[in-house]
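Biologist: I should like to learn how the features of a protein model are read, from the whole chain down to single residues. Could we work through one example together?

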Amino acid sequence: MNGHLTAGGLAEVQRRIAAAANRAGREAAGITLVAVSKTKGPEAILPVVQAGQRVFGENRVQEAAAKWPALRREQAGIVLHLIGPLQTNKVADAVALFDAIESLDREKLARAVAREMARQNRRPACFIQVNTGAEPQKAGVLPEGADRFIGLCRDELMLPVAGLMCIPPVDEDPGPHFDRLAAIAARNRLAGLSMGMSGDFEIAIAHGATQVRVGSAIFGERVVPPARPA
Ligand SMILES: *Cc1c(COP(=O)(O)O)cnc(C)c1O
């Protein structure tokens, strides 16, 4: 996919965010677009940066650490979000690289992140991932455990908890999941709601998303390149 198409994808997503905000009686400025650049190389990312996008999401620490230091030398003001699962042995790298960590979901990880933030004197914004569909294969704290875990992160570990994140089950109406996340956030007085992807970000905005994570609608489908013959 060439630069014109990816920058065009960005403009179209921005237009759809503004329209969805307008329909919901909300300000588009209250919705942050996280452009999900996982699997994409600099040739796809740079045109989107040049078109003015600054906030990007990656789901793997190692991939992001390989790609973004060079891109950040090209452009100041890049804001990087980790949106994928985080293993405790990658916490130091994640705290060093990312400006937000959206996948806090267990006590051991929260404690490791708190320790590392103190050690590095860096405080990326934290989002707590909630497994709203209670799917066994999916990361996230279960909805019934969310209040307790938010309390641990915010009050005991003093993490900068900005909000909640969810990924609804693929085969269900996402609206009730977005409402569930919004209700947990409201009763815990958390303002940030990271919800909505390419297939459902307009619905998420109608349900109160403050942050949408959009990949393929900007960059095109992610294709795994076929293995080359040796
Ligand atoms: C890949 C990914 C996205 C973006 O998905 P698209 O459907 O390409 O927009 C959003 N959130 C998370 C957690 C992801 O892993």
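Biologist: What radius of gyration does the protein chain have, and what would a compact globule with 230 residues have?

Modeller: Please bear in mind that this is a predicted model. The general idea is to set the value for the chain beside the value expected from its number of residues. For 230 residues, a compact globule would have a radius of gyration near 17 Å, and the protein chain has 17 Å, so the two agree. Along the principal axes, the C-alpha atoms fill a box of roughly 45 × 45 × 35 Å.

Biologist: How many helices and strands are there in the protein chain?

Modeller: The protein chain contains 9 helices and 8 strands. One may then turn to the contacts between parts of the chain. Among contacts with a separation of 6 or more, 60% join residues 24 or more positions apart.

Biologist: What share of the residues is buried, and how much area does the chain expose?

Modeller: Buried residues account for 49% of the 230 residues. The protein chain exposes about 11100 Å², of which carbon and sulfur atoms supply 53%. For the charges, one compares mean positions: those of the 28 positive and 24 negative charges are 5 Å apart.

Biologist: Which residues have the most contacts inside the largest nonpolar core?

Modeller: The largest nonpolar core has 63 residues, and F56 and L159 have the most contacts inside it. Helix α5, residues 107-120, gives the largest share of this core, with 6 residues. To see the surroundings of L159, one sets aside its neighbours within four places in sequence. The contacts that remain are with L104, A110, V113, A114, M117, R123, C126, C153 and R154.

Biologist: How should a helix be read, and which residues of helix α6 are buried?

Modeller: An α-helix has 3.6 residues a turn, so residues three or four places apart point the same way. Helix α6 spans residues 146-156, and its buried residues are A146, F149, I150, G151, L152 and C153. The cover over these buried residues includes β4 (100-104), α5, β5 (125-129), β6 (161-165) and α7 (174-187). After α6 comes M158, whose phi is positive, near 55°.

Biologist: Is D147 in helix α6 buried, partly exposed or exposed?

Modeller: D147 has its place in helix α6. The cut-off for buried is under 20% relative accessible area and for exposed over 50%. D147 counts as partly exposed because its relative accessibility is 32%. Apart from residues within four places in sequence, D147 is in contact with I184, R187 and N188. A separation along the chain may also be set beside one in space: D147 and V48 are 99 residues apart in sequence and 37 Å apart in space, C-alpha to C-alpha.

Biologist: Why does H177 count as buried?

Modeller: H177 is found in helix α7. H177 counts as buried because its relative accessibility is 3%. Beyond its neighbours within four places in sequence, H177 is in contact with T132, G133, C166, P168, P169 and E172.

Biologist: Where is V49 found, and which residues does V49 touch?

Modeller: V49 is found in helix α2. With a relative accessible area of 3%, V49 is buried. Not counting residues up to four places away in sequence, V49 touches R54, F56, Q75 and I78. V49 and A100 are 51 residues apart in sequence, and their C-alpha atoms are 18 Å apart in space.

Biologist: What is the phi of T39, and where does T39 lie?

Modeller: For backbone angles, one reads the sign of phi together with the residue type. T39 has a positive phi of about 70°, although it is not a glycine. T39 lies in the loop between β1 (32-36) and α2 (42-50), and T39 is exposed, with a relative accessible area of 52%. N121 is likewise not a glycine, and its phi is positive, about 55°. N121 lies in the loop between α5 and β5, and at 69% relative accessibility N121 counts as exposed.

Biologist: Where does E12 lie, and how far apart are E12 and I45?

Modeller: E12 lies in helix α1, residues 3-23. At 36% relative accessibility, E12 counts as partly exposed. E12 and I45 are 33 residues apart in sequence and 16 Å apart in space, C-alpha to C-alpha.

Technical notes. Residues are numbered from 1 along each chain as its sequence is written. This is a predicted model: local features need pLDDT of at least 70, side-chain atom pairs count only at pLDDT 80 or more; totals for chains, interfaces and linings use all residues. Side-chain values use heavy atoms; hydrogens and water are left out. Helices (H or I, at least four residues) and strands (E, at least two) are DSSP runs, numbered from the N terminus. The radius of gyration is taken over C-alpha atoms; the globule rule is 2.2 Å times the number of residues to the power 0.38. Buried means under 20% relative accessible area, exposed over 50%, partly exposed in between (1.4 Å probe, protein chains only). Contact means heavy atoms within 4.5 Å. Accessible areas come from the Shrake-Rupley method with a 1.4 Å probe; for residues, only the protein chains shown count as cover. Lys and Arg count as positive and Asp and Glu as negative; His and the chain ends are not counted. The place of a charge is taken as NZ of Lys, CZ of Arg, CG of Asp or CD of Glu. A nonpolar core is a set of buried Ala, Val, Leu, Ile, Met, Phe, Trp, Tyr and Cys residues joined through side-chain atoms within 4.5 Å.
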